[in-house]
Amino acid sequence: MSVWNYVVTAQKPTCVSHDCVGNFTSPQELNLIVAKCTRIEIHLLTPQGVQTILDVPLYGRIATLELFRPHGEAQDLLFITIERYKFCVLQWDSESSELVTRAMGDVSDRIGLPTDNDQIGIIDPDCRLIGLHLYDGLFKVIPFDNKGQLKEAFNIRLEELQVLDIKFLYGCTRPTIAVLYQDIKDARHVKTYEVSLKEDFVKGPWSQNNLDYGADLLIPVPQPLCGVLIIGEETIVYCSANAFKAIQIRPCITKAYGRVDIDGSRYLLGDHAGLLHLLVITHEKEKVTGLKIELLGETSIASSISYLDNAVAFVGSSYGDSQLIKLNTQPDAKGSYVEILESYVNLGPIVGLCVLDLERQGQGQVVTCSGAYKDGSLRIVRSGIGINEQASVELQEDEMEETEIEGFLSEVQTLFCHDAVYNQLVQVTSNSVRLVSSTTRELRNKWDAPAGFTVNVATSNASQIGDGTLTEVKHVLLEYEVSCIDMNPIGDNPNYSQLAAVGMWTDITVRIFVLPDLTLITKEQLGGEIIPRSVLLCAFEGISYLLCALGDGHLLNFHATHVFAASDRPAVIYSNNKKLVYSNVNLKEVSHLCPFNSAAFPDSLAIAREGELTIGTINDIQKLHIRTIPVGEHARRICHQKQSRTFAICSVRNHPSAEESEMHFVRLLDDQTFDFLSTYPLDAFEYGCSILSCSFTDDKNAYYCVGTAYVLPKENGPTKGRILVFIVEEGRLQLIAEKETEGAVYSLNAFNGKLLAAINQKIQLYKWMVRDGGTRELQSECGHHGHILALFVQTRGDFIAGGDLMKSISFLIYKHEEGAIEERTRDYNANWISALEILDDDTYLGADSCYNLFTVKKNSEGPTEEERASMEVVGEYHLGEFVNRFRHGSLVMRMPDSETGQIPTLIFGTVNGVIGVMASLPQEQYAFLEKLQTSLRKVIKGVGGLSHEQWRSFTNEKRTAEARNFLDGDLIESFLDLSRSKMEEISKGMDVQVEELCKRVEELIRLH
Amino acid sequence: MASILGDLPSFDPHNFSQHRPSDPSNPSRMVPTTYHPTHNRTLPPPDQVITTEVKNILIRSFYQRAEEKLRPKRPASEHLTSEHGNKHFRAASSSSSTQGL
């Protein structure tokens, strides 16, 4: 059953939507506050740079963010509005380092049409009013009293229905707003209004009609200049009661601005192409004389800009990495004034993603289509333990100083070398064992192999060696050759091993012998034909294990601290709650390593890689490692093909100035190097909508299938598209077949050796025909009508799940004998689907455009036909993120012997750059965690007084309902961050030991 | 010629003075501590839980108009003495009460 689901964030949102600067944490400290959809980050400016203080999760999607300072306050307060019509005012209490809620409230109205444009939340510069524009035709006012306390809010009717921006003006005796709006003829104008506390508007000091058709942004200018800048696509206008100045600009869409000077004479403007401009208001004293604009350079496409201090600014981006930039007084060789000091990873918007397991370790590696326009990229996301590199030397022979150890035999190959007690070194060669003093470097003792015997493998530990003595204690003859051996001490005495582990050729066994008489106590058959390469006896949390690595990369543990497994894919094995955990390490191709502990590098590892020696420490938190492959254009769909070891992507390149502004491509990349191998350009106006790697019945070739749509400017929706079938030959995309369709091919699926496509209103099945001449083609077999737009299709056996633009999820079945697709049942709710996945034969998961997740179940046991025809909604949850893609898979290595290895998981990607994991839990575990979640709600409070229960409640335009059959993993896992006393409080309430609670939560953390 | 980017504001000259740029091709990820408040001041003082005035805008404007119609009569009916004073105080009372629209 997949009804009880657990949703957790593996990668927090990375898209920056808003940022602002002020004295938030103390009157002397300058802070950068960054909003990332459902979280705010508080940073401090320091001599070293931007230091992050806190990451604050909010129970809501942030709509606006502003710092302000009421009269009489020494430091700024933070005003936040969230999309579900709540606001809060937060204050930093520096004594307790806590966020305190000064005020909060519900600003929803029972009637009113929510605005199509962004919600607006603004504060009068003299702190007399807060203004909100949330519904068309209404302006909500929350007045401040003279002590800075908020009073009851009231609405004012706003005649302008299509509002683009509203800002408070500076230097007005009564609070005054400038409203940028569009009239019914699509002309744009600015009007000003005084907000009277008599709960009405009074006509303001000026207005300006017939602005630029692209005017979209108002910038209020502080005193002494006052007035407002109106930013258009071709002109910028300065407007006030007594001045009007305008300049022409190169056509661009300004996305963000940041004020540089306190007097408002300079502004940074960021446009849709990532170009940063400086806008200057020239003035003589208080009289504005003109405007000037200068191109500074290129950044990521900005969604918000804040000037910080000393010529450094922060560029927040939701299309690319956010950046810390320096503004230099003189341009560099390329003419740019902008120097990028730092970049902060942003995965959003994730529009496509694939999960693959290139190393077949059971661990998924996620490759996302991230970013947009010129900031488009592919991101490779892996979970693992990091090595913090402390030092690294490149190994070059001429630089290495060689030391001669006289006691060693240097003419023959050394099989084994180790240090030992009493300042000794052990060297083992094929015919001798030598004990050498590490101080004098002289031979102290040796043992020679008897004639006719050669030593193949050897091991020793440091302690079971005499002071200058070497004696043969015991000799046994085994029936086969030894492949590996170990005698690492385990058990009570850390200096004395009572056991030796031996791996064998020929019969493929591992055997355990008792030391020193070498009696065989057990023999384990490994099965298969792969010899054991390395054995290790070790103890984790008091439990002894025998680890055995096989030649093919498998690692076996026999009922067995961290072990580092060196290989071409290094991993760390450790024990947590008496269970073994395997984790990848962010290094490649480790050939050898050993512990390294010195004064300069305590508890470190020395790691040998080809040509390089690295010293580092293990970072014990498993986290995501992200690698960026810049594409320079918007990658939208991605797919991996195992057979050709390639990725194929659908991408779009924008030429903002060219006549034909977009070009669409199918591109082929190597799956190791991510080099572009081949490109297939699509036709003019032809979009790549879907991509799939599959094989067909009676044809073992692997093909890439690409579904397209012709998006013609004069058409309302696409009426023509193509399915293109490519084969990869010598690293090139070869078009094998193409099939015209009667609409956009939104989805492609491999289905019973055929191809299932979602084309506009229809789900269509194609079979693959190989003609006599060897030509191949797609032939339509059957289809099913009845969708508004069939955007998403998933299949399982003969089952088909369809996700509709507006009509939620339907379940269809393919009937082989009749060659027909029939609808069996559907969810009759009007959910606008954004992603779809099948959890099991009966349960389906959907994400909708209102940021909800929901599960529906087939009602095949229903007593009436009517009931059977309709799906039952079994789970509902507000995720607060727009999901674009679900994929089955896991981010962590899943060992089939562990309990968590049995829990099915899927991975999703969202617009804000979240990578999430959803796990379907057993009912018992779900019930337990649900209780824990209820207890946690009482202990962990919502910042700003926002309620967790309301936040997670399913909501769309029609209804709101309590979340059910979904758990918030982010809240549950924060249990481990609580103080001991709070943990005990919860433990008492639930009547479960703290240790047990920790153990159960840690198990969940291991799912991601 | 003075640069357009001359004299950029400096609030604390120390800020960024020791900043060492990291490799921009290798983006950094800030992993700060996550805030989970357990104190009681996440809820504001009771009088700072703000709601919107429930009166509908239309009803409110009816009441306002009705009040305006009534108001000039009220001083006449209530205080006869104030009728004299009314001339004195007219400027003050009109600006503070009735002339809102």
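Reader: What does contact mean here?
Author: Contact means heavy atoms within 4.5 Å. Keep in mind that this is a predicted model.

Reader: OK. How many residues does each chain put into the contact?
Author: Chain B gives 53 residues and chain A gives 92 residues.

Reader: And how much area do chain B and chain A bury between them?
Author: About 6,000 Å². Carbon and sulfur atoms account for 55% of that area.

Reader: Now charges. How many salt bridges cross the interface?
Author: The rule finds one between chain B and chain A.

Reader: Which residues form it?
Author: A:D93 pairs with B:R41. Their closest N and O atoms are 2.8 Å apart.

Reader: What about polar contacts across the interface?
Author: There are 42 residue pairs in polar contact, with both residues at pLDDT 80 or more.

Reader: Which elements of chain B supply at least two residues to the side that touches chain A?
Author: β1, residues 49-50, and α1, residues 57-70.

Reader: Which one gives the most?
Author: α1(B), with three residues.

Reader: What's the mix by class on that side of chain B?
Author: The side touching chain A has 24 polar, 21 nonpolar and eight charged residues.

Reader: Switching to strands. Which strand of chain A is joined to β1(B)?
Author: β9 of chain A, residues 98-106. Two bridges join β9 to β1(B).

Reader: Parallel or antiparallel?
Author: The two strands run parallel.

Reader: Which residue in β1(B) is the bridge partner of A:M104?
Author: B:V49 is the partner of A:M104.

Conventions
Residues numbered from 1 in each chain as written. Chains lettered and ligands numbered in written order. Predicted model: local features only at pLDDT ≥ 70, side-chain atom pairs only at ≥ 80, totals over all residues. Heavy atoms only, no water. Buried area = accessible area lost by both parts, 1.4 Å probe. Salt bridge = Lys/Arg side-chain N within 4 Å of Asp/Glu carboxyl O. Polar contact = N/O pair within 3.5 Å; in protein donor to acceptor, adjacent residues only side chain to side chain. Helix = DSSP H or I, 4+ residues; strand = E, 2+ residues; numbered from the N terminus. Nonpolar A, V, L, I, M, F, W, Y, C, P; charged D, E, K, R; others polar. Pairing = 2+ DSSP bridges.
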